[in-house]
Amino acid sequence: MFWTDLASHTCTTYATREYTARLVNVPSYYNRRVEACMATPVEIHGVEYTPKWCEDHGPTNVVGHWEVDQHEPDCASYWNWYKDFVC
């Protein structure tokens, strides 16, 4: 079993982004798909993560969800520029 279609989504909180992927190569007779999903890590930004939660939509459609709070600068506020108005 392995992950495919890894996709990044919206920022969920400060410096945290949601990712999803589909677990493939799951045997059709296997009835512990959510447990397999929760135990299978995926690599994001060079770090392995296990899913925060999984959805089982059938043998060929198990989806894992991750909330990654490292290396997500687009999800963090920052100052773009600063100008002193000398008030």
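**Entry 1: strand 2**

How many of the nine residues of strand 2 are buried? I looked this up first, keeping in mind that this is a predicted model. Eight of the nine are buried, so strand 2 is largely enclosed by the rest of the structure.

Next I wanted its neighbours. On one side, strand 2 pairs with strand 1 in the antiparallel sense, over seven bridges. Strand 2 (residues 16-24) also pairs with strand 6 (residues 62-68), again antiparallel and over seven bridges.

I picked out some facing residues to find on screen. Ser8 stands opposite Tyr19 in strand 2. Towards strand 6, Arg17 has Val68 as its bridge partner, Glu18 has Glu67, and Arg22 stands opposite Val63. A reminder to myself for looking at these: in a regular strand the side chains alternate between the two faces of the sheet.

**Entry 2: the whole sheet**

In what order do the four strands of the sheet run? I noted 1-2-6-5, as an open sheet with antiparallel pairing. Which strands stand at the edges? They are strand 1 (2-13) and strand 5 (53-56); each has a single partner strand, so one side of each is left without a neighbour in the sheet. Neighbouring strands are turned by 20 degrees against each other on average, direction ignored.

I then followed the order to its other end. Strand 6 is mostly covered, with six of its seven residues buried. Strand 5 pairs with strand 6 in the antiparallel sense over four bridges. In that pairing, Cys54 has Gly64 of strand 6 as its bridge partner.

**Entry 3: two hairpins**

I checked the turns next. The hairpin of strand 1 and strand 2 has two residues between the strands, and there Ala15 takes a positive phi near 60 degrees. In the hairpin of strand 5 and strand 6, five residues lie between the strands. Here Gly58 takes a positive phi, near 120 degrees.

**Entry 4: the core**

Which residues have the most contacts inside the largest nonpolar core? My list reads Trp3, Leu23, Cys37, Ile44, Trp66 and Val68, in a core of 14 residues. Strand 2, helix 1, strand 3 (42-44) and strand 6 are the elements that give two or more residues to this core. The background I wrote in the margin: in soluble globular proteins, nonpolar side chains tend to be buried together.

I zoomed in on Ile44 and asked what it touches. Leaving out residues up to four places away in sequence, Ile44 touches Leu6, Tyr19, Tyr49, Trp66 and Val68. Two names there were already in my notes: Tyr19 is the residue with Ser8 opposite, and Val68 is the bridge partner of Arg17.

**Entry 5: the disulfides**

How many disulfides does the structure hold? I found two. For the margin: a disulfide is a covalent bond between the sulfur atoms of two cysteines.

One of them joins Cys11 and Cys75, with sulfur atoms 2.0 Å apart. This pair links distant parts of the chain, since Cys11 is in strand 1 and Cys75 in the segment after strand 6, 64 residues apart. The torsion about the S-S bond is about -75 degrees, so this disulfide is left-handed. Are the two cysteines buried or exposed? Cys11 counts as partly exposed, because its relative accessibility is 31%. Cys75 counts as buried, because its value is 9%.

Cys37 and Cys54 form a disulfide too, with their sulfur atoms 2.0 Å apart. Cys37 is in helix 1 and Cys54 in strand 5, 17 residues apart, and this pair also links distant parts of the chain. The link is left-handed, with -85 degrees about the S-S bond. Both Cys37 and Cys54 are buried.

Counting bonded cysteines along the chain, I wrote the pattern down as 1-4, 2-3.

**Entry 6: Ala39**

My last stop was helix 1 (residues 33-39), where Ala39 is found. Why does Ala39 count as exposed? Its relative accessible area is 56%, and exposed means over 50%. I also looked up its distance to Pro51: the two are twelve residues apart in sequence and 7.8 Å apart in space, C-alpha to C-alpha.

Notes: Residues numbered from 1 in each chain as written. Predicted model: local features only at pLDDT ≥ 70, side-chain atom pairs only at ≥ 80, totals over all residues. Heavy atoms only, no water. Buried < 20%, exposed > 50% of the residue type's maximum accessible area, 1.4 Å probe, protein only. Pairing = 2+ DSSP bridges. Axes fitted to C-alpha atoms, helices over the stretch in contact; angles between N-to-C directions. Core = buried A, V, L, I, M, F, W, Y, C linked by side-chain atoms within 4.5 Å. Contact = heavy atoms within 4.5 Å. Disulfide = S-S within 2.5 Å.
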